[in-house]
Amino acid sequence: MKPIKVGLLGLGTVGTGVVRIVEGNQEDLSSQVGSPIVIEMIAVKNTEKARNIPVDSTKLTEDPWEVIRHPEIDVIVEVMGGVDQTKEYILEALERGKHIVTANKDLMALYGSEILAKAEEKRCDVYYEASVAGGIPIIRTLIEGFSSDRITKIMGIVNGTTNYILTKMSQEGASYEEVLKEAQDLGYAEADPTSDVEGLDAARKMAILGTLGFHTNVELRDVSVSGISSVTKEDIGYAKRLGYDMKLLGIAERQGDQITISVQPTMVNKQHPIASVNGVFNAVYVHGEAVGETMFYGAGAGELPTATSVVADLVSVIRNLKLGVSGLKAIIPYKEKRLIKDEDISYKYFILLHVDDKAGVLAKITQIFAEYDVSLASVVQQPNELNPDAEIIIVTHDASKASMDKVQRHFESLEVIRKVKSVYRVEG
């Protein structure tokens with residue numbers, strides 16, 4: 001049996017996991033694809049670096065182009081990260097007829113349509129399961145498992161760092177700053193955590209899921225994004241009292257032939273299954289017209305969970321190669337993109353106001369909601385020993401984003417409202 005030769009770009013955490021699985025599970029993998037799988041060459045930043053797995057030094061190179069242009073390599077596995085330069089490597093590999101497996105969410109979110117178009121032209125496979133939610137096979141599920149259904153909603157905890165921070169804030173009553181420092185010390189958060197905590201990482205993943213779920217080309221600029229850096233332990237405390245957990249959710253929804261995609265801190269009803277997903281774990285909830293509600297849960301990052309998805313993609317690519325069907329399963333968006341307007345996006349809101357503690361304030365506030373056709377589910381006014389102003393907590397019924405924007409602008413001009421402290425989406 002002629003071996004299938006693989007070129008590996010990157011030997012960091014995920015790349016190391018790929019080597020471990022391919023070499024450690026060689027018998028099982030070979031039986032599945034009908035050939036040995038050989039990692040022929042690996043591009044690394046420093047060939048002299050000490051590594052925690054044995055690697056044949058003759059297979060290492062500091063020049064990724066050596067891997068791309070190697071005549072005997074059939075498949076390129078890209079786990080090095082980067083965007084613009086990496087795109088050039090991938091496009092050149094496709095031009096040479098090599099198949100691609102990548103874990104690069106940034107690459108696929110920004111240039112996925114261009115890469116998939118080149119793959120279709122060259123009849124090559126591009127698989128990218130590990131780019132979203134680590135070890136959870138959500139991309140394969142959207143493409144294959146929901147192929148006979150129409151997806152109406154995808155809601156996900158797709159960033160483990162922010163889920164860890166919000167979980168610790170909820171369970172321990174700690175501040176955002178305290179938990180972020182702890183997450184950095186443990187290696188869950190980067191020294192510069194901006195991409196995670198401001199929702200950018202999750203937004204890239206939701207762009208990928210939205211593209212696959214709704215068969216339209218969702219770009220990063222189509223995703224409305226806000227992060228968790230402004231979430232306070234007081235916000236989380238109020239959420240718990242009202243029966244909610246705070247989560248950074250990516251939410252993609254379809255209404256008819258229009259879609260909307262967002263990433264934002266959200267108060268989730270404790271009865272919803274996604275509310276129980278804690279720590280660094282990820283979960284993706286999918287609602288289809290036929291199947292109804294489903295949820296997928298697991299490790300969203302880490303060496304072996306992510307590498308498992310990468311190697312599963314590698315197996316699929318090799319099977320296609322053996323069957324002569326490479327490049328025939330590419331999912332190219334075929335629907336025109338139509339985004340829902342703000343006046344047609346509706347959901348429940350939580351609002352925390354700091355107001356003058358005097359008679360008539362509540363009446364003025366409820367009058368403003370009525371003026372913009374926003375109905376209220378509950379209104380609670382309670383004292384806070386740490387705040388000299390009165391605090392009013394409001395949960396609305398479903399209200400349009402356009403109406404709520406008008407309410408907030410009106411609040412800013414109302415003298416009795418000292419501060420609009422917090423506004424969050426409510427789910428469930």
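Begin by selecting histidine 272, which is buried, with a relative accessible area of 15%, in what is a predicted model. The residue lies in the loop that runs between β10 (258-269) and β11 (281-288). If you display its surroundings and set aside residues up to four places away in sequence, you will find that histidine 272 touches Met155 and Tyr285.

From there, move to asparagine 269, which belongs to strand β10. Is this asparagine 269 buried or partly exposed? Its relative accessible area is 22%, and because the cut-off for buried is under 20%, asparagine 269 counts as partly exposed. Showing what surrounds asparagine 269, again without residues up to four places away in sequence, brings up Gly243, Tyr244, Ala275, Glu427 and Gly428. You may also draw a distance from the C-alpha atom of asparagine 269 to that of glycine 279, a residue 10 places further along the chain, and the separation should read 18 Å.

Next, turn to the nonpolar interior by selecting Val126, Ile138, Leu142, Ile165, Leu209 and Phe350, the residues that touch the most other members of the largest nonpolar core, which has 74 residues. Colour helix α10 (residues 200-214) as well, since this helix supplies the largest share of that core, namely 8 residues. A second core, separate from this one and made up of 30 residues, includes Ile4, Val18, Leu29 and Val311. As background to both selections, nonpolar side chains in soluble globular proteins tend to be buried together.

Now centre the view on phenylalanine 350 and ask which residues it contacts, leaving aside its neighbours within four places in sequence. The partners of phenylalanine 350 are Tyr238, Leu242, Met267, Ile393, Ile394, Val395, Ser422, Val423, Tyr424 and Val426.

The tour continues with helix α7 (residues 160-172) and helix α8 (residues 176-186), whose axes come within 9 Å and cross at roughly 130 degrees. The two helices, α7 and α8, are therefore oblique to each other, and α7 passes α8 in a right-handed crossing. To see the contact itself, show Tyr164, Ile165, Lys168 and Met169 on α7 together with Tyr176, Val179, Leu180, Glu182, Ala183 and Leu186 on α8. Sorted by character, the residues in this contact of α7 with α8 comprise 8 nonpolar and 2 charged, with no polar ones. Ile165, shown here on α7, is also one of the residues picked out in the largest nonpolar core.

Keep α7 on screen and add helix α11 (residues 233-241), with which α7 crosses at roughly 70 degrees, the axes coming within 9 Å. That angle makes α7 roughly perpendicular to α11, and the crossing of these two helices is right-handed. Here Leu166, Met169 and Ser170 of α7 meet Lys233, Ile236 and Lys240 of α11, a set that divides into 3 nonpolar, 1 polar and 2 charged residues.

For the last stop, select helix α2 (residues 26-33) and helix α12 (residues 303-323), which pack at an angle of about 35 degrees with their axes 9 Å apart. In this pair α2 passes α12 in a right-handed crossing. Which residues of α2 and α12 meet? On α2 they are Leu29, Gln32 and Val33, and on α12 they are Val311, Val315, Ile318, Arg319 and Lys322. The contact of α2 with α12 is made up of 5 nonpolar, 1 polar and 2 charged residues, and Leu29 and Val311 will be familiar from the second core, which includes them.

Methods:
Residues are numbered from 1 along each chain as its sequence is written. This is a predicted model: local features need pLDDT of at least 70, side-chain atom pairs count only at pLDDT 80 or more; totals for chains, interfaces and linings use all residues. Side-chain values use heavy atoms; hydrogens and water are left out. A nonpolar core is a set of buried Ala, Val, Leu, Ile, Met, Phe, Trp, Tyr and Cys residues joined through side-chain atoms within 4.5 Å. Buried means under 20% relative accessible area, exposed over 50%, partly exposed in between (1.4 Å probe, protein chains only). Helices (H or I, at least four residues) and strands (E, at least two) are DSSP runs, numbered from the N terminus. Contact means heavy atoms within 4.5 Å. Axes are lines fitted to C-alpha atoms, for helices over the stretch in contact, and angles run from 0 to 180 degrees between N-to-C directions. Angles under 35 degrees count as roughly parallel, over 145 as roughly antiparallel, 65 to 115 as roughly perpendicular and the rest as oblique. A crossing is left-handed if the near helix is turned anticlockwise from the far one by less than a right angle, and right-handed if clockwise. Ala, Val, Leu, Ile, Met, Phe, Trp, Tyr, Cys and Pro count as nonpolar, Asp, Glu, Lys and Arg as charged, and the others, Gly among them, as polar.
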